[in-house]
Amino acid sequence: VQLQASGGGLVQPGGSLRLSCAASGSIFSINIMGWYRQAPGKQRELVAQIDSGGRTYSIDSVKGRFTISRDNAGNTVYLQMDNLKPEDTAVYSCNTLLREYSRSSYTAYWGQGTQVTVSS
């Protein structure tokens, strides 16, 4: 199983970025997909997540600015980030809880991090 993340970069305050993370491999089903971030000197925090039924959760600091979604196949998760602020600067990593064909239980997988820098 692989998670391929993309979409980070440098953007000015008030700008937008869209992160994507695609899961591939011998996947039987995916339950939860989400995005975490870690800023320098801070602990990693959950930013937003979406389950297989489309229910979403996001932290208060990004509500109204960030939108998490999944594609119809359910293997790709997106994070649309609008009205970005300097405090959003962090390494963003995707995480998914999925079940492989070869296993009977769900396992958490991490994608590589992608840097998001919000600066003028």
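The following legends describe close-up views of a predicted model of a protein chain.

**Figure 1. Overall architecture of the protein chain.** The protein chain contains 11 strands and 0 helices. Its elements, read along the sequence, therefore follow the pattern β-β-β-β-β-β-β-β-β-β-β. Along the principal axes, the C-alpha atoms occupy a box of roughly 50 × 25 × 20 Å. The radius of gyration is 14 Å, which agrees with the value near 14 Å expected of a compact globule with 120 residues. Of the 120 residues, 42% count as buried. Among contacts between residues at least 6 apart in sequence, 54% join residues at least 24 apart.

**Figure 2. The disulfide between C21 and C94.** The structure holds 1 disulfide. This link is formed by C21 and C94, with their sulfur atoms 2.0 Å apart. The link is right-handed, with 50 degrees about the S-S bond. C21 belongs to strand β3 (residues 17-24) and C94 to strand β9 (residues 90-100), so the disulfide ties together parts of the chain that are 73 residues apart in sequence. Both C21 and C94 are buried.

**Figure 3. The largest nonpolar core.** In soluble globular proteins, nonpolar side chains tend to be buried together. The largest nonpolar core of this model has 30 residues, of which W35, F66, L79, M81 and Y92 touch the most other members. At least two residues of this core are supplied by each of the strands β1 (2-6), β3, β4 (27-38), β5 (45-50), β7 (66-70), β8 (76-81), β9 and β11 (114-118).

**Figure 4. Surroundings of Y92.** Y92 is among the core residues that touch the most other members. When neighbours within four places in sequence are left aside, its contacts include W35, F66, L79 and M81. Y92 is also in contact with L19, Y36, R37 and V47. Further contacts of Y92 are Q112, G113, T114 and V116.

**Figure 5. Strand β8 and its pairing with β3 and β7.** Strands β3 and β8 run antiparallel and are joined by 6 bridges. Within this pairing, A22 stands opposite T76 of β8. Strands β7 and β8 also run antiparallel, and 5 bridges join them. Here F66 has M81 in β8 as its bridge partner. F66 and M81 are both listed among the members of the largest nonpolar core that touch the most others. β7 and β8 form a hairpin with 5 residues between the two strands. In the turn of this hairpin, G74 has a positive phi of about 85 degrees.

**Figure 6. The salt bridge of R37 and E45 and its network.** A search of the whole structure finds 6 salt bridges. One of them pairs E45 with R37, whose closest N and O atoms are 2.7 Å apart. R37 is buried because its relative accessible area is 7%, whereas E45 counts as partly exposed at 33% relative accessibility. R37 and E45 are further linked with R65 and D88 in a network of salt bridges. R37 is also one of the residues in contact with Y92.

**Figure 7. The salt bridge of R55 and D51.** The side chains of R55 and D51 form a salt bridge with an N to O distance of 2.8 Å. The two partners differ in their burial class: R55 counts as exposed at 58% relative accessibility, whereas D51 counts as buried at 16%. The limit for burial is under 20% relative accessible area, so the value for D51 falls within the buried class.

**Figure 8. The salt bridge of R103 and E100.** R103 and E100 meet through their side chains in a salt bridge of 3.5 Å, N to O. R103 is partly exposed, with a relative accessibility of 41%. E100 is buried, its relative accessible area being 12%.

**Figure 9. S58 in strand β6.** S58 is located in strand β6, which comprises residues 56-58. This serine counts as buried because its relative accessibility is 15%. Apart from neighbours within four places in sequence, S58 is in contact with V47, A48 and K63. V47 is also in contact with Y92.

Notes:
Residues are numbered from 1 along each chain as its sequence is written. This is a predicted model: local features need pLDDT of at least 70, side-chain atom pairs count only at pLDDT 80 or more; totals for chains, interfaces and linings use all residues. Side-chain values use heavy atoms; hydrogens and water are left out. Helices (H or I, at least four residues) and strands (E, at least two) are DSSP runs, numbered from the N terminus. Buried means under 20% relative accessible area, exposed over 50%, partly exposed in between (1.4 Å probe, protein chains only). Contact means heavy atoms within 4.5 Å. A disulfide is a pair of cysteine sulfur atoms within 2.5 Å. A nonpolar core is a set of buried Ala, Val, Leu, Ile, Met, Phe, Trp, Tyr and Cys residues joined through side-chain atoms within 4.5 Å. Two strands pair if DSSP finds at least two bridges between them. A salt bridge is a side-chain nitrogen of Lys or Arg within 4 Å of a carboxyl oxygen of Asp or Glu. The radius of gyration is taken over C-alpha atoms; the globule rule is 2.2 Å times the number of residues to the power 0.38.
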